[in-house]
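Visitor: Could you take me through one part of this model up close, namely how its helices pack against each other? I'd like the cut-offs as well, please.

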Amino acid sequence: MFLSTPIAQLTKIGKITANKFKKLGIEKAEDLLFYFPFRYDDFSQVSLINNLQIYPIKKNENLYSSHAQKNEISNEINSIVTIKASIELISNKRSPIKKTIITEGLVSDQTGKIKVIWFNQPFLTKILKPGDKIYFSGKVESDFYGLQMINPSYEKALWKKETIHTGRLVPIYSATENLTQKQIRFLIKFILPLTKEIQDWLPKEIKKDLDFFDLTEALTQIHFPNDKKKLEKAKERLKFDELFLIQIQTQQLKKFLEKNKAPKIDFKEEIKNFVQSLPFKLTDAQKKAAWQILKNLQKEQPMNRLLEGEVGSGKTIVATIAMLNVFLNNYQSILMVPTEILAKQHFDNICELLKNFDIKIGLITKNEKKMNYKLRITNHNKNIKLKNHNLSLIIHNSNIIIGTHSLIQEKIKFKNLGLIIIDEQHRFGVEQRNKLKSQTNSLGNKQMFPHFLSMTATPIPRSLALALYGDLDLSIINELPEQRKKIITKIVDQQNRQLAYDFIKNEIKKGRQIFVLCPLINESDKLGVKSVTTEYEKLKKDIFFEFKIGLMHGRLKSKEKEKVRQNFLKNKINILVSTSVIEVGIDCPNASVMMIEGAERFGLAQLYQFRGRVGRSEHQSYCFVFSETSSVKTKERLQALLTAKNSFELAEKDLEIRGPGELYSSINKYGSTQQSGYLSFLKIARLTDYSIIQNAKNWAIKIINQDPELENYPKLKEKIKKIQRTICLE
Ligand code: ADP
Ligand code: MG
């Protein structure tokens with residue numbers, strides 16, 4: 001057995017079970033060792049039967065309920081007991097009332113007897129026999145006949161053998177795919193000796209200074225802690241590991257940027273005239289952000305800046321100002337965006353904004369490559385007018401290139417790159433960002449490195465942004481253009497659905513347009529989520545038959561998508577039924593209602609983005625939120641959408657309710673959630689682990705300052721390489 005042994009070849013594992021593990025991203029033994037428990041049940045105190053007491057039973061209580069927070073020990077320590085007892089009798093009987101099978105046992109220790117009961121697990125009589133010594137963990141209750149334990153966890157007490165399911169701090173894994181806790185625990189226990197073979201890459205001086213466990217011990221204790229103290233120590237070490245690896249990379253990037261020169265982009269007077277000529281007045285926050293960026297571009301060191309701003313706060317124009325200034329200095333800019341729809345929209349908008357300049361703008365997506373300018377290419381002696389410009393022609397001839405990640409997937413050599421902007425950067429993984437950065441380093445740009453600006457509407461609190469992305473500079477647009485009205489948001493109960501429809505009809509009659517947002521494309525998923533196509537059919541046939549309805553989802557051909565988008569912009573479509581593909585993109589100021597179905601399926605940050613599709617003009621706008629669960633937690637989350645004053649407050653709220661992992665997750669095109677960027681890398685660390693983040697950062701700075709290439713830390717160096725390799729392969 002090795003760290004690299006596939007799960008299917010481990011003991012007693014069938015193909016089916018191995019496949020279930022695979023769905024959790026666990027393919028080999030090593031992956032399993034890094035599949036950490038998300039909490040623990042404290043079954044460590046073994047009680048004598050005559051000391052047992054009855055504890056009042058709280059509502060909604062459940063042994064494996066998800067009330068406890070990530071990586072925490074269950075709070076209900078006191079209401080759960082463990083006993084070690086021999087089985088005296090055990091048998092199955094049929095319940096007279098329902099058709100359930102009840103397994104009843106009588107068990108005893110040297111001090112007394114107690115009844116144990118399980119429902120619908122008749123096989124237990126085959127596993128547990130009279131005379132067996134067993135640990136039982138669970139809740140004690142009393143009925144007419146005395147004390148009893150209902151559905152306790154059980155585990156044979158074998159001489160000299162450590163228990164793993166009872167009588168200790170028991171790890172609880174976020175099991176899905178029908179894997180049981182017992183299966184996971186059993187397997188992890190089985191492969192635990194392999195922890196000895198894992199390279200401990202953390203520098204010795206750090207371990208010594210922070211009094212950390214070795215990796216082997218940390219991994220052993222995180223799964224099967226001897227006690228709470230050791231568990232805490234294990235967590236500290238493993239959290240540190242994750243955060244430290246991020247910080248090392250951030251510091252390396254910083255060093256790299258410091259070493260490199262960037263083209264100096266001078267401020268040009270034309271920018272002033274351009275801003276004057278805009279159809280609107282820039283907000284103060286926009287002016288400030290633009291000014292910070294322009295000043296930063298004048299330096300000869302590459303800019304590394306994040307522009308954060310609410311949805312609809314007008315980041316595009318700020319980016320456009322920067323790109324215009326770069327053009328006026330005779331350098332190229334790239335604007336990279338996550339979706340084709342958004343790329344086209346930016347292309348249209350920016351071509352319009354810059355129409356008075358002699359500036360060449362190219363669009364590059366998987367399906368479309370074009371320019372705002374017809375090139376005349378001389379091919380030998382013939383003049384050939386190219387309709388569909390090819391990639392390298394566009395790249396060589398454009399001053400501004402707008403595109404999706406097609407921009408980085410092909411072998412592209414840029415000519416004279418001065419600025420890279422990534423829009424909606426949270427949608428890109430860190431790997432894509434790095435790829436772009438490294439690729440541009442090898443430009444024909446005479447050892448010059450372009451300036452770098454990323455933009456996001458996903459609210460990342462400042463402290464987190466700095467912790468995650470290191471010492472980058474931040475510009476924040478914290479206000480919306482003046483004439484905007486606050487969007488009126490309502491969580492609508494199913495019985496009021498008709499009212500919402502009536503309201504929408506009225507809005508359309510006033511000339512407004514409507515978005516209806518649904519989570520998935522097909523109704524194949526068993527969660528009963530609204531499918532966008534069925535919803536579209538339903539609305540068309542039964543509800544809004546007098547209006548024009550459009551359909552938009554990720555599986556449409558790009559030409560079709562573009563047609564729908566154009567028709568919506570021209571108000572040839574009254575209602576656009578769509579999946580989350582419009583999360584970023586479609587700027588249609590005339591739209592006044594955003595109706596969201598199945599809202600529980602989306603993260604708060606994402607809902608916030610959807611809502612930001614309306615309220616982009618002087619018209620009063622509305623957001624109607626429908627959800628299909630009545631869970632309290634969901635209600636609480638959606639409520640936050642009503643109360644939070646801005647996206648930052650909302651982010652804090654989401655952080656509180658769901659934890660950081662989910663804050664930046666989004667639903668991918670297959671409908672499952674995925675995390676983006678660095679966060680997918682954090683398994684145990686939380687963004688709220690401020691002191692560990694600080695420690696990790698200090699150490700990373702120290703080490704990179706002394707030894708930027710990590711020559712004296714070969715194991716660490718190899719670990720970083722390995723991470724970057726796996727990230728690139730994705
Ligand atoms: P986001 O920050 O979400 O990317 P956009 O850049 O798409 O926002 O801008 C949203 C809308 O607001 C666009 O229609 C844009 O033309 C408009 N806009 C931008 N700045 C202003 C402003 N200062 N005053 C009025 N409208 C503006
Ligand atoms: Mg935008």
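Guide: Here is a walk through some helix contacts, with a short stop at the ligand.

Some ground rules: this is a predicted model, where local features need pLDDT of at least 70, side-chain atom pairs count only at pLDDT 80 or more, and totals for chains, interfaces and linings use all residues. Residues are numbered from 1 along each chain as its sequence is written, chains are lettered from A and ligands numbered from 1 in the order in which they are written, and side-chain values use heavy atoms, with hydrogens and water left out.

Let's start with α7, residues 228–259, and α23, residues 690–706 (helices are DSSP runs of H or I, at least four residues, numbered from the N terminus). They pack at about 45 degrees with their axes 8 Å apart; axes are lines fitted to C-alpha atoms over the stretch in contact, and angles run from 0 to 180 degrees between N-to-C directions. α7 and α23 are therefore oblique to each other (under 35 degrees is roughly parallel, over 145 roughly antiparallel, 65 to 115 roughly perpendicular, and the rest oblique). Their crossing is right-handed, that is, the near helix is turned clockwise from the far one by less than a right angle, while anticlockwise would be left-handed. The contact (heavy atoms within 4.5 Å) includes F240, L243 and F244 of α7 and I692, W699 and I703 of α23. By class, its residues are 12 nonpolar, five polar and three charged (Ala, Val, Leu, Ile, Met, Phe, Trp, Tyr, Cys and Pro are nonpolar, Asp, Glu, Lys and Arg charged, and the others, Gly among them, polar).

α7 also meets α6, residues 215–223: the axes come within 8 Å and cross at roughly 120 degrees. That makes α6 oblique to α7, and this crossing is left-handed. Among the residues that meet are L215, L219 and I222 in α6 and L231, A234 and L238 in α7. This contact has seven nonpolar, one polar and four charged residues.

Now for α16 (residues 497–509) and α17 (residues 532–543), whose axes come within 13 Å and cross at roughly 75 degrees. The two are therefore roughly perpendicular. R497, Y501 and K505 in α16 touch E535, K538, L539 and I543 in α17, which divides into three nonpolar, no polar and four charged residues.

Last, the ligand: 17 residues surround ligand 1, with G312, K315, T316, R484 and D587 the closest (a heavy atom within 4 Å counts). A backbone N or O atom of K281 sits 2.8 Å from a nitrogen atom of ligand 1.

Notes
A polar contact is a pair of N or O atoms within 3.5 Å; within protein, one must be able to donate a hydrogen and the other to accept it, and residues adjacent in sequence count only if both atoms are side-chain atoms.
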